[in-house]
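Take a look at the chain below. The walk-through starts from one residue, widens to the whole fold, and then turns to the interior.

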Amino acid sequence: MQPESLSKAIQLSVAPVFLLAGIGALMNVISGRLARIVDNARRTRAALDAGLKVDEREQSAYRRRMQLTIRAIELLTAATLLISTVVAVMFFSVISRINLTLVVVPMFITAMLLVMLASLCFLREVRMASAHINRMF
């Protein structure tokens, strides 16, 4: 293996690695929202257990928001795995001098689609939370 090959492999993997960092930051935000949703759902459950009346729409909204948040995390996790595989395949391609473009391109496009779907789930959850707050005030 030539040092130039390793240098080229590292150059090719820089953009996907930055993408992984961005996905990690987004996952951190989404998991923080999930924690708040769970805390609110627990408070609602405690109120129910104490015999207080709780709006069924509120319970349903928490459930739906939790589902959307978990789905976004699952999609981002799948995208992370795909992007990591892309980096590994690119390294292998450069080192072995085998053209694996036909493998890398669909994997990367699929990863981007997963990130887009996760973003849509996140947007939907944020809109649900905003609508809930608007109903309250």
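In which helix does T69 lie? This is a predicted model, and in it T69 belongs to helix α2, which covers residues 56-96. Is T69 buried or exposed? Its relative accessibility is 2%, under the 20% cut-off, so T69 counts as buried. Leaving out residues up to four places away in sequence, T69 touches I30, L34, I37 and E125.

Now step back to the whole chain. How many helices and strands does the chain have? There are 3 helices and 0 strands. Along the sequence, the pattern reads α-α-α.

Next comes the overall shape. The C-alpha atoms fill a box of roughly 70 × 20 × 20 Å along the principal axes. The radius of gyration is 21 Å, whereas a compact globule of 137 residues would have one near 14 Å. Contacts reach across the sequence: of those between residues at least 6 apart, 80% join residues at least 24 apart.

The surface can be put in numbers too. About 8900 Å² is exposed, and carbon and sulfur atoms supply 65% of that area. Buried residues account for 28% of the 137 residues. The side chains include 16 positive and 8 negative ones. The centres of these two sets lie 4 Å apart.

Now go inside. Which residues touch the most other members of the largest nonpolar core? They are I23 and L76, in a core of 13 residues. Helices α1 (3-49), α2 and α3 each supply at least two residues of this core. The largest share, 6 residues, comes from α2. Apart from this core lies another one, of 6 residues. Among them are V86, V89, V104 and M107.

Return to I23 for the details. Setting aside neighbours within four places in sequence, I23 is in contact with L76, A79, T80, I83 and V115. The last of these, V115, is found in helix α3, residues 101-136. V115 has a relative accessible area of 17%; that is under 20%, so V115 is buried. Beyond residues up to four places away in sequence, V115 touches I23, L76 and A79. How many residues apart in sequence are V115 and L76? They are 39 residues apart, yet their C-alpha atoms are 5.9 Å apart in space.

Technical notes
Residues numbered from 1 in each chain as written. Heavy atoms only, no water. Helix = DSSP H or I, 4+ residues; strand = E, 2+ residues; numbered from the N terminus. Buried < 20%, exposed > 50% of the residue type's maximum accessible area, 1.4 Å probe, protein only. Contact = heavy atoms within 4.5 Å. Rg over C-alpha atoms; globule rule 2.2 N^0.38 Å. Areas by Shrake-Rupley, 256 points an atom, 1.4 Å probe, with all protein chains shown as cover. Lys, Arg positive; Asp, Glu negative; His and termini not counted. Charge placed at Lys NZ, Arg CZ, Asp CG, Glu CD. Core = buried A, V, L, I, M, F, W, Y, C linked by side-chain atoms within 4.5 Å.
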